[in-house]
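Hi,

Here is the structure I promised to pass on. Have a look at it first, and then read my notes below.

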Amino acid sequence: VSENTRRNIVIDVAIFAAFILAMAPRVTGVAVHEWLSVALAATLLVHLALHWDWLREVLRRFFSRLAHESRLNLIVDLALFLAFVAVMASGLANSRVALPSVGLDPGFSLFWKRAHTLSTDLAIVALGVHAGLHAKWIWRQCRKFLLDPVAGLFRPKAATGGQG
Ligand code: HEM
Ligand code: HEM
């Protein structure tokens with residue numbers, strides 16, 4: 001596995017875990033919800049930056065020589081990006097901890113509360129499609145880093161050449 005793939009896996013697992021937690025503010029409490037989500041926003045930018053070359057290449061060839069799959073990925077990625085911008089913006093507009101801590105209190109707004117819930121739902125759907133389009137890649141990494149090592153524990157010692 002290349003260094004780049006390893007780095008991508010670490011980031012992907014981290015943002016996935018953070019997103020799952022961010023979906024449950026009643027469980028984490030609002031303070032953790034807000035700071036965790038701000039950290040997630042920053043890490044999502046890293047995720048995006050790590051695929052910058054891919055983005056540039058796909059944009060350059062969008063109307064010409066490009067696999068349909070890449071074009072579909074780009075469109076889904078754009079929807080995903082817009083959904084996350086809306087989630088973070090509406091989240092900040094509801095903020096009761098993070099923004100007040102720097103002296104900005106947006107106060108309560110039913111509009112932004114509704115916008116936050118709605119954009120979160122859209123982000124969940126877009127993320128489901130994003131993950132689905134990379135299902136093969138995700139399955140390959142799960143096999144390599146989870147299933148194969150665990151299966152290795154149960155392999156007969158003789159099969160390793162009698163060393164261990
Ligand atoms: C919790 C959120 C997310 C998770 C778990 C996630 C996961 C993944 C995975 C597993 C891959 C393929 C493997 C890799 O090379 O890393 C990938 C690729 C990619 N992701 Fe995400 N992603 C998330 C959010 C986003 C967001 C918000 C964007 C914003 C546009 C984005 C843009 C991309 C791009 C551009 C690629 C590479 C191109 C592609 O094949 O689609 N991702 N992501
Ligand atoms: C990926 C990022 C985020 C996700 C998935 C997310 C998700 C959610 C969900 C599902 C709720 C409950 C909505 C409801 O009760 O109808 C919520 C509430 C809330 N979110 Fe977020 N959110 C994110 C980011 C943010 C950010 C960045 C902030 C502010 C800095 C924020 C501030 C809030 C606040 C103040 C509430 C109301 C909490 C309450 O009334 O108990 N969120 N969020």
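Before the ligand, one bit of vocabulary: a residue counts as near a molecule if one of its heavy atoms lies within 4 Å of it. Keep in mind too that this is a predicted model.

With that in hand, ligand 1 is surrounded by 19 residues, and the closest are Asp 12, His 47, Asp 77, His 130 and His 134. As for where it is, ligand 1 sits in the largest pocket. Four helices each give at least two residues to the shell around ligand 1: H1 (3-22), H3 (30-50), H5 (68-94) and H7 (110-133).

Some polar side chains come up to oxygen atoms of the ligand. For His 134, a polar side-chain atom is 2.6 Å from an oxygen of ligand 1. Asp 12 has a side-chain N or O atom 2.7 Å from a ligand oxygen, and for His 51 the distance from a polar side-chain atom to an oxygen of ligand 1 is 2.8 Å.

Now the aromatic rings. Searching the whole structure turns up three aromatic pairs. One of them joins Phe 62 and Phe 63, edge-to-face, with 5.1 Å between centres and 85° between planes. Phe 62 is at 18% relative accessibility, so it counts as buried, while Phe 63 is exposed at 80%. Phe 62 has another partner: the charged end of Arg 71 sits over its ring, 5.5 Å from the centre.

Phe 111 and Trp 112 also pair up; their planes are at 75° and their centres 5.0 Å apart, so this pair is edge-to-face. Here Phe 111 is exposed at 58%, and Trp 112 is partly exposed at 36%.

Cheers

Terms used
Residues numbered from 1 in each chain as written. Chains lettered and ligands numbered in written order. Predicted model: local features only at pLDDT ≥ 70, side-chain atom pairs only at ≥ 80, totals over all residues. Heavy atoms only, no water. Phe/Tyr/Trp six-rings, centres within 6.5 Å; stacked < 30°, edge-to-face > 60°. Buried < 20%, exposed > 50% of the residue type's maximum accessible area, 1.4 Å probe, protein only. Lys NZ or Arg CZ within 6 Å of the ring centre and 35° of its normal. Polar contact = N/O pair within 3.5 Å; in protein donor to acceptor, adjacent residues only side chain to side chain. 1 Å grid on protein atoms, 1.4 Å probe; cavity = no way out; pocket = protein on both sides within 12 Å on 5 of 7 lines; lining within 4 Å. Sits in = over half its atoms within 2 Å of the grid points.
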